[in-house]
Every structure is written in C-alpha cells, then in structure tokens.
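Please examine the structure below with its sequence at hand. The explanation that follows moves from one helix to the pockets, and then to a single residue.

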Amino acid sequence: MRVVIQRVGHASVTINGTCKSAIGKGLLILVGIEETDGQEDIDWLCKKIVNLRVFDDENGVMNKSILDINGEILVISQFTLHASTKKGNRPSYIRAAKPDISVPLYEQFCKDLSFLLDKEIGTGEFGADMKVELLNDGPVTICMDTKNKE
C-alpha cells in the first residue's frame, strides 16, 4: 500500500456536485493499493498514521499526533499512486489492484483507521470522479509505502 499524507487545516471531497465528506484540522490521506497488499500492510500503516507526530506542540515543534490533537481524517482511494512512468509518456497502472481486491482492502483500511482514531473518518467513493479540496497546512506532505518502509 502506498499513501500520501497531507496535514490539512480542512479538506473535503465532492462527487457530482455534492459534498460527500469534509473535515477540519487533521490529515488527508490518499491511498493506493497493489495486488500483493493485505491485512499486514493495513495494520502497519494504520498504526503508523495515528501515531505520526506531524502536528505542532506549544513550542511550534512537530511533536503531536492526530490522536493528541483530536484531529480528523479524510481517506481517498487513489490508484494513480501506483503509476509507472518508466516507459513512454502515458502512465501505466498495471501495479494497481483491480476493484475485487482493492475495494475490500480500502474499506478495511478505513474501518481500522477509524477504530484506532476512535471516531468516524471521512471517505470518498471508490472509483468515483472526485473533486478533492484541501488547505495543506505547513505544507506537510509525507509519502509512505509498505513495500519500502523508510
């Protein structure tokens, strides 16, 4: 699984002109799923995300987690995170999992993240044409990949 995590002042996702989800201060997470991903990837990412210290403490140092600030999370499925640009100019998405694999993993990721956060999280709609708006705070943007744990 591959994620792009952005610290936001607010974020929302709109589908067909209707706001599906909106959050205040927290994290916007774009998630891409590969064929080889599974529960182990979900577990590692969820624990890492809720404990990631990317919010400022009283001294302006990034020392607080989403749990510490009682923040919100919006998760958007993003198969293009697995784009390969190695050959030619048109990206290939062959590494992105097909819906029969990625939908259940996406839903489990959201469910597990919500459980660890101890509150509902916002989501997009898998496979929909979504318009995502955000105010990147910092900006703080972090990329993580369960196949390359750095």
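In this predicted model, the buried residues of helix H3 are Ser102, Leu105, Tyr106, Phe109, Cys110, Asp112, Leu113, Ser114 and Leu117. The cover over these buried residues includes strands S1, S3, S6 and S7, together with helices H1 and H2. In the sequence, H2 occupies residues 66-69 and S7 occupies residues 122-123.

The dimensions of H3 may be considered next. H3 contains 19 residues, and the distance from its first C-alpha to its last is 26 Å. This span is close to the 27 Å expected at 1.5 Å a residue. Just after H3 comes Asp118, which takes a positive phi of about 65°.

Attention now turns to the pockets. The largest pocket has a volume of about 390 Å³. Strand S3 (26-32), strand S6 (72-77), helix H3 (99-117) and strand S8 (130-145) are the elements that give two or more residues to its lining. Which of these elements gives the most? It is S3, with 4 residues. In total, 24 residues line the largest pocket, and those nearest its centre are Ser77, Gln78, Phe79, Gly127 and Met130. By character, the lining of the largest pocket consists of 15 nonpolar, 7 polar and 2 charged residues.

The second largest pocket holds about 200 Å³ of space. Its lining is formed by Arg2, Trp44, Lys48, Leu52, Ile142, Cys143, Met144, Asp145, Asn148, Lys149 and Glu150. Helix H1 (39-51) and S8 each supply at least two of the lining residues, and S8 provides the largest share, with 4 residues. The lining of this second pocket divides into 5 nonpolar, 1 polar and 5 charged residues.

The last stop is a single residue, Ser12, which is located in strand S1 (residues 2-15). Is Ser12 buried or exposed? The relative accessible area of Ser12 is 17%. A residue counts as buried when this value is under 20%, and therefore Ser12 is buried. Which residues does Ser12 touch, not counting residues up to four places away in sequence? On that basis, Ser12 touches Cys19, Ser21, Ala22, Leu74, Lys131, Val132 and Glu133.

How values were computed:
Residues are numbered from 1 along each chain as its sequence is written. This is a predicted model: local features need pLDDT of at least 70, side-chain atom pairs count only at pLDDT 80 or more; totals for chains, interfaces and linings use all residues. Side-chain values use heavy atoms; hydrogens and water are left out. Buried means under 20% relative accessible area, exposed over 50%, partly exposed in between (1.4 Å probe, protein chains only). Contact means heavy atoms within 4.5 Å. On a 1 Å grid over the protein atoms alone, a cavity is a set of points where a 1.4 Å probe fits but cannot get out, and a pocket is an open set with protein on both sides within 12 Å along at least five of seven lines; lining residues have an atom within 4 Å of a point. Grid points are joined across faces, edges and corners, and a volume is the space filled by probe spheres set on the points. Ala, Val, Leu, Ile, Met, Phe, Trp, Tyr, Cys and Pro count as nonpolar, Asp, Glu, Lys and Arg as charged, and the others, Gly among them, as polar. The expected span of a helix is 1.5 Å times one less than its number of residues.
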